[in-house]
Amino acid sequence: MNKLLTTAVLALGIFGSVYAQDAKRLLPAEQEVSLKYGADRLGKRQDADMKKFRDNRLGAFIHWGLYAIPGGEWNGKMYNGAAEWLKAWAKVPADEWLTLMDRWNPKKFDAKAWAKMAKKMGVKYVKITTKHHEGFCLWPSKYTQYTVAQTPYKKDILGELVKAYNDEGIDVHFYFSVMDWSHPDYRYDIKSPEDEVAFARFLEFTDNQLKELATRYPTVKDFWFDGTWDASIKKNGWWTAHVEQMLKEMLPGVTINSRLRADDNGKRHFDSNGHLMGDYESGYERRLPDPVKDLKVTRWDWEACMTVPENQWGYHKDWSLSYVKTPLEVLERIVHAVSMGGNMVVNFGPQPDGDFRPEEKELADAIGKWMKENGACIYGCDYAGWDKQAWGYYTRKEKDVYMIVFNQPYSGHLMVKTPKGIKITKAVLLNGKEVGVEETARNEYNVDMPAKNPGAPFVIKLQVEEEKSTTDKYREALT
Ligand code: H76
């Protein structure tokens with residue numbers, strides 16, 4: 001009997017890792033279609049650079065380009081749509097739009113002040129629009145005339161920002177739009193041999209710009225691609241795989257978002273076999289997975305991004321045109337993302353003068369104040385695996401489970417259900433003060449509200465103990 005058990009345990013040990021791999025497949029390996037440009041891995045990347053990306057958890061987005069100058073208004077008409085898309089809403093021809101470059105002179109721009117603001121907000125990384133759809137480059141690219149170098153301001157804004165953020169210990173990620181409204185060779189689709197030739201030139205131009213960015217700013221940690229949804233790019237999945245490989249060869253450890261990628265069949269983000277391409281999923285833009293129904297997202301790395309008004313990334317003069325989220329709502333979205341194993345990036349759209357609008361400064365301050373006191377439940381934290389309760393969210397860092405309470409129950413008791421085999425031994429506030437815990441049934445607890453109401457949202461840290469499983473007991477008995 002004992003011998004049989006030994007064999008079983010040994011077999012588990014040997015084959016365990018194989019099964020773990022297979023468990024990540026959606027189809028049996030032999031039923032998968034063979035792809036040349038599909039996912040290059042099953043499951044999460046586990047190296048130090050990916051771990052840093054994940055542990056950062058909170059980031060800021062910066063959308064800054066020519067669109068900041070009109071700020072949503074063209075020829076006296078105010079457009080409600082996203083300000084960085086104004087060229088499209090107002091049907092402005094590219095050459096006319098690009099004359100905005102003559103007015104690009106952000107006198108108040110101070111990279112060090114931007115970096116201090118980010119540091120104070122508690123963000124660990126900043127994603128900067130190196131080039132948005134309009135084609136204007138925040139660095140002096142030698143492959144186009146539409147860059148900061150050709151404006152009255154002249155200076156390399158991207159270079160100043162990379163240095164200033166890095167000096168504050170903040171990672172820099174590059175946003176890069178493949179779709180480029182300024183380039184005559186860009187194509188939405190490939191319908192003729194001429195399109196093919198033009199688009200081949202365009203892809204070479206894009207490769208050159210990306211190599212230029214990787215060479216000029218080697219501390220960049222991540223590329224976040226956008227504007228990759230057109231048929232022209234879906235028909236050239238090989239090129240997206242090539243870009244990922246090229247950047248990874250130039251910058252070991254760099255991370256790449258799934259939005260860049262299309263496979264052999266033009267399938268985007270997830271390949272034809274359902275496997276994530278790139279290093280993390282980047283489809284949660286202005287939305288988040290449902291905390292009960294969408295737990296599948298905890299199987300891969302992902303990063304969400306959000307605007308503060310409903311849909312303004314670039315600077316828009318009139319924020320009264322849509323609902324503007326409160327700092328509390330922004331905070332809840334940050335916690336929501338981390339509770340499901342994701343990152344959250346909060347967007348800023350600086351003014352044309354180089355300063356931030358007052359609402360964004362206030363938001364950054366409010367988030368920073370909360371993060372300073374409560375950051376332990378965000379940085380380095382992950383999905384806890386516990387059933388969500390109405391009072392808020394759980395996150396987890398190794399043996400500590402954090403409760404982040406947004407809705408205080410009138411009863412004063414916070415109900416907690418632990419997974420099978422997990423016991424709560426102690427509950428404390430982040431200042432170390434203990435709060436009461438009562439076991440009400442097997443795997444069910446009431447955690448007390450703190451004696452002095454801290455206001456919402458507040459955090460309770462649970463210390464937990466794992467009851468030994470039967471398999472563990474057998475393993476110990478065998479050694
Ligand atoms: C659509 C679209 C773009 N993707 C967001 C991240 C913004 O850059 C928006 O303009």
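Biologist: How much space lies in the second largest cavity?

Modeller: About 50 Å³ lies in the second largest cavity of this predicted model. Its lining has 14 residues, and those closest to the centre are Gln 312, Trp 313, Trp 319, Asn 347 and Glu 360.

Biologist: What makes the lining of the second largest cavity mixed by class?

Modeller: Six of its residues are nonpolar, six are polar and two are charged. Glu counts as charged, Trp as nonpolar, and Gln and Asn as polar.

Biologist: What makes the lining of the largest cavity nonpolar, polar or charged?

Modeller: The class counts are eleven nonpolar, no polar and no charged. The residues are Ala 60, Ile 62, Trp 114, Met 117, Ala 118, Met 121, Val 123, Val 126, Tyr 165, Phe 348 and Phe 356. Ala, Ile, Trp, Met, Val, Tyr and Phe are each counted as nonpolar, so the lining is nonpolar throughout. About 70 Å³ of space lies in this cavity, and α5 gives four residues, the largest share of its lining.

Biologist: How do you know where the largest pocket lies with respect to domain 1 and domain 2?

Modeller: Domain 1 (2–375) and domain 2 (392–478) both contribute to the lining, so the largest pocket lies between them. Of its 19 lining residues, Glu 373, Leu 429, Asn 431, Pro 454 and Phe 458 lie nearest the centre. The elements that each supply at least two lining residues are α11 (358–374), β14 (434–435) and β17 (458–466). The volume of the largest pocket is about 490 Å³.

Biologist: Why is the pair between His 132 and the ligand called a polar contact?

Modeller: A polar side-chain atom of His 132 is 2.7 Å from an oxygen atom of the ligand. The cut-off for a pair of N or O atoms is 3.5 Å, so the pair with His 132 qualifies.

Biologist: What makes Trp 85 and Glu 285 polar contacts of the ligand as well?

Modeller: For Trp 85, an N or O atom of the side chain is 3.0 Å from an oxygen atom of the ligand. For Glu 285, a polar side-chain atom is 3.2 Å from a nitrogen atom of the ligand. Both distances are within 3.5 Å, so both pairs count. The protein covers 87% of the 300 Å² of accessible area that the ligand has on its own.

Biologist: Which classes make up the shell around the ligand?

Modeller: The shell has five nonpolar, three polar and three charged residues. Among its members are His 63, Glu 84, His 133, Tyr 175 and Asp 226. Glu and Asp count as charged, His as polar and Tyr as nonpolar.

How values were computed. Residues are numbered from 1 along each chain as its sequence is written. This is a predicted model: local features need pLDDT of at least 70, side-chain atom pairs count only at pLDDT 80 or more; totals for chains, interfaces and linings use all residues. Side-chain values use heavy atoms; hydrogens and water are left out. A residue is near a molecule or strand if one of its heavy atoms lies within 4 Å of it. A polar contact is a pair of N or O atoms within 3.5 Å; within protein, one must be able to donate a hydrogen and the other to accept it, and residues adjacent in sequence count only if both atoms are side-chain atoms. Accessible areas come from the Shrake-Rupley method with a 1.4 Å probe; for residues, only the protein chains shown count as cover. On a 1 Å grid over the protein atoms alone, a cavity is a set of points where a 1.4 Å probe fits but cannot get out, and a pocket is an open set with protein on both sides within 12 Å along at least five of seven lines; lining residues have an atom within 4 Å of a point. Grid points are joined across faces, edges and corners, and a volume is the space filled by probe spheres set on the points. Domain bounds come from an automatic or database domain assignment.
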